[in-house]
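Trainee: I am new to this structure. Could you take me closely through one part of it, the loop before the last strand, and show me how it sits in the whole?

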Amino acid sequence: MGSESDIERILWTEEEISGRVGELAAEISADFREVSPPVVVVGVATGAFLFLADIVRKMTFPVSVDFVRVESYGSGTESSGRPRISCDLKIDVKGKHVILVEDIVDTGNTLSCLISHLEGKGACSVSVCSFLDKPARRKVHFELVGEGKFYRGFECPDYFVVGYGMDYAELYRNLPYVGVLKPEMYE
Ligand code: 5GP
Ligand code: MG
């Protein structure tokens, strides 16, 4: 368990991911070109680590980088619905623009919790940049803060996906592509 042979189907290849990350970084860089207060890119650990590493290297404006950790999943494939911030930011985001970087938005519980948290800390805007978005499974509507915008890499069909930072039972995060596991892997 944990190897390439467990993958049933690849949804996005390494090349497709890299192309889309470049497009997103260009779009965000154009939007943030004129922004004067500092911009803090906040990755949601652990799933966003590869996406964050790739996208910040293509952003052409000054950024600080920090991480938050949110627990909601355990080792299964269903969200608990009650996310908990288990490791908070080191950087003070008061009066700053924040771009939250996520691996995937599913029910919306995690993002809604994090956006309120950042708003409470005084961020002047909160944007979200999610590598994947599963709109079919949305349960919680989230409002961005200030002039914040929503950016997404790809719309994801309603499958549990792994790779490019995303896990099943803490495995598969290092796969350079995104795929779906063979059904027997969940047994
Ligand atoms: P939400 O709170 O929106 O339901 O879920 C957000 C978190 O659940 C994501 O940040 C991600 O860590 C995890 N998640 C949601 N869907 C998937 C999926 O298809 N695969 C994996 N590996 N994690 C997922
Ligand atoms: Mg996540």
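Mentor: Start with a term. A residue is called buried when its relative accessible area is under 20%, and exposed when that area is over 50%. Keep in mind that this is a predicted model.

First, the whole. The protein chain has three helices and nine strands. Read from the N terminus, their order is β-α-β-α-β-β-β-α-β-β-β-β. The C-alpha trace spans about 50 × 35 × 30 Å along its principal axes. A compact globule of 187 residues would have a radius of gyration near 16 Å, and the protein chain agrees, with 16 Å. Of its 187 residues, 48% count as buried. Take the contacts between residues at least 6 apart in sequence: 68% of them join residues at least 24 apart.

Now the loop. It runs between strand E8 (161-162) and E9. Three of its residues deserve a look: Tyr-164, Gly-165 and Tyr-172.

Take Tyr-164. Its phi is positive, about 50 degrees, although Tyr-164 is not a glycine. Most residues other than glycine have a negative phi. Tyr-164 counts as buried because its relative accessibility is 5%.

Gly-165 comes next. With 0% relative accessibility, Gly-165 counts as buried too. What does Gly-165 touch, not counting residues up to four places away in sequence? The answer is Thr-46, Gly-47, Phe-49, Leu-50 and Arg-173. Look back along the chain as well. Glu-155 is ten residues from Gly-165, and their C-alpha atoms are separated by 17 Å.

Follow one of those contacts, Thr-46. Thr-46 sits in another loop, between strand E2 (39-45) and helix H2 (49-56). The peptide bond from Ala-45 to Thr-46 is cis, with omega near 0 degrees. Most peptide bonds are trans. So Gly-165 touches a residue that takes part in a cis bond: the contact is with Thr-46.

Back to the E8–E9 loop, at Tyr-172. This residue also has a positive phi, about 80 degrees, and is not a glycine. At 1% relative accessibility, Tyr-172 counts as buried.

Tyr-172 leads on to the strand. Leu-181 is in contact with Tyr-172. Leu-181 belongs to strand E9 (residues 178-181). Its relative accessible area is 2%, so Leu-181 is buried. Leaving aside neighbours within four places in sequence, the other contacts of Leu-181 are Asp-6, Ile-7, Glu-8, Val-162, Tyr-168 and Tyr-186. How far is Leu-181 from Asp-88 in space, C-alpha to C-alpha? The distance is 32 Å, and the two are 93 residues apart in sequence.

One more site, away from our loop in sequence. The magnesium ion (ligand 2) has two protein donors, Glu-102 (OE) and Asp-103 (OD). They lie 2.4 to 2.5 Å from the ion. Are Glu-102 and Asp-103 buried or exposed? Both are buried.

Last, the surface and the charges. The protein chain exposes about 9100 Å², and carbon and sulfur atoms supply 49% of that area. There are 20 positive and 29 negative side chains. The centres of the two sets lie 4 Å apart.

Methods:
Residues numbered from 1 in each chain as written. Chains lettered and ligands numbered in written order. Predicted model: local features only at pLDDT ≥ 70, side-chain atom pairs only at ≥ 80, totals over all residues. Heavy atoms only, no water. Donors = N, O, S within 2.8 Å, 3.2 Å for Na, K, Ca; no water. Buried < 20%, exposed > 50% of the residue type's maximum accessible area, 1.4 Å probe, protein only. Helix = DSSP H or I, 4+ residues; strand = E, 2+ residues; numbered from the N terminus. Rg over C-alpha atoms; globule rule 2.2 N^0.38 Å. Contact = heavy atoms within 4.5 Å. Areas by Shrake-Rupley, 256 points an atom, 1.4 Å probe, with all protein chains shown as cover. Lys, Arg positive; Asp, Glu negative; His and termini not counted. Charge placed at Lys NZ, Arg CZ, Asp CG, Glu CD.
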